[in-house]
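Got the structure open in your viewer? Walk me through it, stop by stop: what should I select next, and what will I find there?

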Amino acid sequence: MKKLYPLKLLLLTLLTMQLFACGEQSADSQPNQAVALARADECHLCGMLIGTFPGPKGELYTKTSDTVKKFCSTRDLFTFLLDPEYRHQVKEIYVHDMSKSPWEAPLDSHFIDARSAWYVIGSSKTGAMGKTLASFGDEASAQAFAKAYGGTLYRFEQITLALL
């Protein structure tokens, strides 16, 4: 009987370690959140300083890294995102909600999930790379923007490289 005690202890220890590992795995599966953009941050695509330009910006995380990739404009974000090399590697994607943020200096407290946003393409408003995609949290705000500045409304899944 005494010979079985170390074996039972070992099995109990292994089971406990496995349960803790499962708990850690589920914690890792929590989505990464948008982070504040610093004035000196560089665009992942073009290398330009992000904080010196007007218009909505973007961020994303890939499945292989918890390091955020920051973009000086939604145009650069989508250019990266729609590249066939990266298209299936992206996890979370964030853009500024321009219905809650000033165009000249978007507020990082108003990042939204890019997949649920409405976009206006072809407006007279420009961002870091010239023409950009104005991003909004709701359709009514996107329509009001398009009425004031021109452009056409699109959903995330409708945006293609050809539109950019």
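Start by selecting valine 95 and isoleucine 112: the valine stands opposite the isoleucine, which belongs to strand 4. Keep in mind as you click around that this is a predicted model. Now widen the selection to strand 3 (residues 90-96) and strand 4, and you'll see an antiparallel pair held over three bridges.

Next, bring in the rest of that sheet. It's an open one with four strands in the order 2-1-3-4, paired antiparallel. Strand 2 (69-71) and strand 4 (111-113) are the edges, each pairing on one side only. Turn the view a little: on average, neighbouring strands in this sheet are turned by 25 degrees against each other, direction ignored.

Now select helix 2 (residues 74-81). It lies across strand 1 (58-62), strand 2 and strand 3, and runs at about 165 degrees to strand 3. Zoom in on threonine 74, which is part of helix 2. Is threonine 74 buried or exposed? With 0% relative accessibility, it counts as buried. Its side chain makes a 2.8 Å polar contact with the side chain of threonine 132. Leaving aside residues up to four places away in sequence, the residues that threonine 74 touches include Pro56, Val95 and Ser135, so you meet the valine from your opening stop again.

Time for some charges. Side chains of opposite charge can pair when their charged atoms come close. How many salt bridges does a search of the whole structure find? It finds two. For one of them, select lysine 70 and aspartate 41, whose closest N and O atoms are 2.6 Å apart. Lysine 70 sits in strand 2 and aspartate 41 in the loop between helix 1 (4-28) and strand 1, 29 residues apart. Both lysine 70 and aspartate 41 are buried.

Then pick aspartate 66 and lysine 91, a salt bridge with its closest N and O atoms 3.5 Å apart. Here the loop between strand 1 and strand 2 is linked to strand 3, across 25 residues. Aspartate 66 counts as exposed because its relative accessibility is 58%, while lysine 91, at 25%, counts as partly exposed.

Last stop: strand 5 (residues 118-121). Trp118 and Val120 point one way, Tyr119 and Ile121 the other, and all are buried. Strand 5 runs antiparallel to strand 8 (residues 134-136), joined by three bridges, with tyrosine 119 opposite serine 135. Strand 5 also pairs with strand 9 (residues 152-155), antiparallel over four bridges; there, select leucine 153, the bridge partner of valine 120.

Terms used:
Residues are numbered from 1 along each chain as its sequence is written. This is a predicted model: local features need pLDDT of at least 70, side-chain atom pairs count only at pLDDT 80 or more; totals for chains, interfaces and linings use all residues. Side-chain values use heavy atoms; hydrogens and water are left out. Buried means under 20% relative accessible area, exposed over 50%, partly exposed in between (1.4 Å probe, protein chains only). Helices (H or I, at least four residues) and strands (E, at least two) are DSSP runs, numbered from the N terminus. Two strands pair if DSSP finds at least two bridges between them. Axes are lines fitted to C-alpha atoms, for helices over the stretch in contact, and angles run from 0 to 180 degrees between N-to-C directions. Contact means heavy atoms within 4.5 Å. A polar contact is a pair of N or O atoms within 3.5 Å; within protein, one must be able to donate a hydrogen and the other to accept it, and residues adjacent in sequence count only if both atoms are side-chain atoms. A salt bridge is a side-chain nitrogen of Lys or Arg within 4 Å of a carboxyl oxygen of Asp or Glu.
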